[in-house]
Amino acid sequence: MTYAAPVTMDTRFPFVATAAFNLEGIVARELRRLGMEDARGEMGGVRFTATLRDAFYACLRLRSADRVMLLLAQGDVMSFEDLFQLTRSVAWDRFLSSDAQINVSGKCARSQLMSISDCQAICKKAILESLKQARGQKVFPESGAPYPIHFSIHENHARLCLDLCGPGLNRRGYRTYNAEAPLRETLAASLVELSPWRPGMPLYDPCCGSGTLLIEAAFRQAHRAPGLERAFACEGFGFMDQDVLRSVRAMAREEYEPARITHIAGSDIDPQVLALARKHCQQAGLENRIPLEVQDLRTLTFPEEDGVFLLNPPYGERLSDQKTCHALYRELASLQSRHPTWSLCAISSDPGFERAFGRRADKKNRLYNGRLECQFYTYLPLQGRAKGRR
Ligand SMILES: C[S@@+](CC[C@H](N)C(=O)[O-])C[C@H]1O[C@@H](n2cnc3c(N)ncnc32)[C@H](O)[C@@H]1O
């Protein structure tokens, strides 16, 4: 894959939006909603084609993806020489400025080439070789903007990408304080998407911790681009027209309608953690838009007619905590009994969740919360289901 023509903001390129395990379908759906019609999921990500302009729009707007990367080359590599030649085949001078900070990172799995540091060194050497030849450049001060270059080698197939994001897309910028076991923002957004909740319906998190699920749902309801207030690596790339990027950001800002945020609320038993949730809401620009209160879910009743309880309860990874967690899961079942027109969705790594809850879930999605294998359980409203169904 070489790009001989000059790069403009309307040039179409292949891209990869990387995604966590089992979230590829959600990311593909998001991309299609954004107008990238050829988006199709594959293991660990979604391939799509777009102009540079639209790819930046995807960086700003994607909720569930980890990164957006421009695919520069791919091919089979069995040796360092193969990797060198593949890297060398990219017209790097079209993308990298002469003072570019060339940061190569990557991963290897089930391949002949398994040494990440050696692959990093080979890629960098090939990039510099290519620049020397194309421009006659002899010195590389690397004093300019960072260009994050990513290789991945899986089953001897290599891919070379330029990461448009820099820090992962989970870094929205609003979460600066860490409560215990917070959800990654991208996973929280995915849970919102996987749940039966749709904008306009009531949503309540009775174990809201530092508020991630609530903030992500509010962003979705208000069409708020999650990346609106953060910077992206591509805003330092010389080949990207910075005026166009500014106009794309301005368009995303206009799409934000905070007044649409209603019926999203939460509580937690811990007043200290709730103070963090308030801080995060404020930092997300959502001050006073999400009602929050100290409340034990065991006594919670909520007046709305129907809606979705969405939560990330404690998991009880240590044996000593398991009893308490199972008792809490039983309490979740009784919370839903007190609100028979509400769905309840919870993520947990505890294999005893359904037994403790007392009912099989209507739907389960296998996901990872960090390194923990989890299930996301969906219990549809009790009212209206066939008698005798358990
Ligand atoms: C895993 S954390 C939630 C983290 C949250 N999703 C975030 O991103 O920060 C679980 C939360 O459940 C809360 N909790 C535990 N027992 C509770 C109860 N009986 N009622 C309400 N909240 C409870 C804890 O205080 C804790 O904040």
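## Helices and sheets in a predicted protein model

Helix H6 lies across three strands, namely S8 (203-205), S9 and S11 (308-311), and runs at about 175° to S9. This description, like everything that follows, refers to a predicted model.

The strands beneath this description belong to an open sheet of seven strands, whose order is S10-S9-S8-S11-S12-S14-S13 and whose pairing is mixed. Strand S10 (292-294) and strand S13 (363-369) stand at the edges with a single partner strand each, so one side of each is left without a neighbour in the sheet. On average, and with direction ignored, neighbouring strands of this sheet are turned by 20° against each other. At the S10 edge, S10 pairs with strand S9 (residues 264-268) in the parallel sense over three bridges, and within this pairing Asp268 has Val294 in S10 as its bridge partner. Helix H8 (residues 271-283) lies across S9 and S10, and its direction makes an angle of about 170° with S10.

H6 also has a helix as a partner. The axes of helix H5 (residues 185-194) and helix H6 (residues 212-221) come within 9 Å and cross at roughly 65°, and the crossing is right-handed. On the H5 side the contact is made by Glu185, Ala188, Ala189, Leu191 and Val192, while H6 contributes Thr212, Leu213, Glu216, Ala217 and Arg220. Sorted by character, the residues of this contact are six nonpolar, one polar and three charged.

Another part of the chain holds strands S1, S2 and S3, and the table sets out their pairings beside that of S9 with S10.

| Strand pair | Sense | Bridges |
|---|---|---|
| S1 (residues 12-18) and S3 (residues 45-51) | antiparallel | seven bridges |
| S2 (residues 40-42) and S3 | antiparallel | three bridges |
| S9 (residues 264-268) and S10 | parallel | three bridges |

In the pairing of S1 with S3, Arg12 stands opposite Thr51, whereas in the pairing of S2 with S3, Gly41 stands opposite Val46. S2 and S3 form a hairpin with two residues between them, and Gly44 in the turn has a positive phi of about 85°.

Seen as a whole, the protein has ten helices and 14 strands. Its C-alpha atoms fill a box of roughly 75 × 45 × 40 Å along the principal axes. The radius of gyration is 23 Å, which agrees with the value near 21 Å that a compact globule of 390 residues would have. Buried residues make up 42% of the 390 residues, and among contacts between residues at least 6 apart in sequence, 77% join residues at least 24 apart.

Notes
Residues numbered from 1 in each chain as written. Predicted model: local features only at pLDDT ≥ 70, side-chain atom pairs only at ≥ 80, totals over all residues. Helix = DSSP H or I, 4+ residues; strand = E, 2+ residues; numbered from the N terminus. Rg over C-alpha atoms; globule rule 2.2 N^0.38 Å. Buried ≥ 20, exposed ≤ 12 C-beta atoms within 10 Å, placed from the backbone. Contact = placed C-beta atoms within 7 Å. Pairing = 2+ DSSP bridges. Axes fitted to C-alpha atoms, helices over the stretch in contact; angles between N-to-C directions. Left-handed = near helix turned anticlockwise from the far one by under 90°. Nonpolar A, V, L, I, M, F, W, Y, C, P; charged D, E, K, R; others polar.
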